[in-house]
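This report describes the surroundings of a bound ligand and the sheet that contributes to them. The sequence and structure come first.

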Amino acid sequence: MKYHIVTYGCQMNLHESEKIAGVLRGEGYTEPSSAEEADIIVFNTCCIRENAENHVFGNLGALKKLKRQKKGLIIAVGGCMVREEGKAALLCERFPFIDILFGTHDLSALGELIRRKRAERKKIVSVRGEREETEDGIMPVRTSYPNAWVNIMYGCNNFCSYCIVPYVRGRERSRRAEDVMEEVRALVREGYREITLLGQNVDSYRDGGVAFPELLERVAQVEGDFRVRFMTSHPKDFTEELIAVMKRNPKVCNHLHLPVQSGSNRILSLMNRRYTREKYLAELELLRREIPDCAVTTDIIVGFPTETEEEFRETLSLVEEADFASAFTFIYSPRTGTKAAALDGRVPDEVSKERLARLIELVNEQTRRKSAQYTGKTVEILCEDRDEKKGLYLGRDQYGRMGYFESATDAVGAFVQLRIDRANGISLYGTECGRR
Ligand code: 5AD
Ligand code: SF4
């Protein structure tokens, strides 16, 4: 029996889909396949912005035909959207052919839901469970070699006013440090070359006396040839201790994903971010004093309710000052139930779009300028994959920058030294000149 999983959203979801695959294997679905050939199709959804939801709605509609053609095909929908107020009911109404709805808390229960579905032949909805687990005991089917994602915590307590995550993923729960360590040691033994520690807000990690910097250091001191990344950090929780751990542990990538969201103090306060522009910039200064080559990436929202042109320009000037390696940029999207959704002063769509375009242009220009400086230099990348269309291998350096190169032998999983010949936008093209 074959399975097909469709994933929307962040790395947390990508990793959860690996766990979903693990559950499916346990239920006798042995092979991934196309949607047409699958016996079960699972959608792992995202609801962070409206367009993420629109994608899900659009693509679910297309399954109706498959369902009609194939008797016994099971369609399961899980992930963040399912736990959003009122969405499960809406999904049932619009897509009556869905067999199973399950929330993000229910991964370990998914197997049982599938068995029930096969036995009872009626719709199964399990959306708001009592359990908010930290250890699911599921063996993921990893699909991202040489990288392995490792959850260190789940949920979020920050309640940024625009964000739906705390509502759909619940309160913060940290995994036991020893369980994280055991997973990391096993992954390194299996040959994974990059460990990415995942949490909505890694700085809030705590297991008894072990806070995040200590956990990171323990992971970085595991024997073996690998590197460590982590995300996401919150500027309000930024500590010198974290910088010190990054600095003294060569296995930790010199990269920090530190979402700033806005450059205006009034907007930051309305967003409930609990830091100011000045504090954020001071943190970057401190970081770069200690680790001068540290790449900083960020997330930025434009068109938050009541944002003025002047305030948007403060975001532009912050981007100029902060010198980000790259930035994910978004138009504010109201999410039902969040504080911001109740605010007056919606910024018209055309204004938001125009602001986004200006912001992207600035970010791209900075990224291009940075890429150009790489020409002639040597960087070390971890080779991740082969781009068949380009006929080139590709990977990322510790800063997250993508490098392409030719190789006669399989390079996936190797740390490769590249001499950079040219840059194109954010991508670098180079010639292999050695391996670690
Ligand atoms: N509208 C637009 N962007 C959002 N993000 C989170 N919620 C919203 C929203 N309602 C962005 C933030 C966050 C990233 C993961 O998604 O920038 O850091
Ligand atoms: Fe959402 Fe803020 Fe939590 Fe990030 S820190 S998940 S933006 S509430």
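The shell around ligand 1 comprises 6 nonpolar, 2 polar and 3 charged residues, where Ala, Val, Leu, Ile, Met, Phe, Trp, Tyr, Cys and Pro count as nonpolar, Asp, Glu, Lys and Arg as charged, and the others, Gly among them, as polar. This is a predicted model, in which local features need pLDDT of at least 70 and side-chain atom pairs count only at pLDDT 80 or more, while totals for chains, interfaces and linings use all residues. Residues are numbered from 1 along each chain as its sequence is written, chains are lettered from A and ligands numbered from 1 in the order in which they are written, and side-chain values use heavy atoms, with hydrogens and water left out.

Among the residues surrounding ligand 1 (a heavy atom within 4 Å) are Ile48, Arg49, Asp299, Ile301, Phe330 and Arg335. The polar contacts tabulated here are pairs of N or O atoms within 3.5 Å.

| Ligand 1 atom | Partner | Distance |
|---|---|---|
| nitrogen | Tyr162, polar backbone atom | 3.0 Å |
| oxygen | Gln261, side-chain N or O atom | 2.6 Å |
| nitrogen | Ser333, polar backbone atom | 2.7 Å |

Strand 15 (295-302) and strand 16 (326-331), which are DSSP runs of E of at least two residues numbered from the N terminus, each supply at least two residues of this shell. Both belong to an open sheet of 3 strands in the order 14-15-16, with parallel pairing (at least two DSSP bridges between two strands). Strand 14 (255-257) and strand 16 are the edge strands, each pairing on one side only. Strand 14 is joined to strand 15 by 3 bridges, and His257 stands opposite Thr297 in strand 15.

Methods: A polar contact is a pair of N or O atoms within 3.5 Å; within protein, one must be able to donate a hydrogen and the other to accept it, and residues adjacent in sequence count only if both atoms are side-chain atoms. Helices (H or I, at least four residues) and strands (E, at least two) are DSSP runs, numbered from the N terminus.
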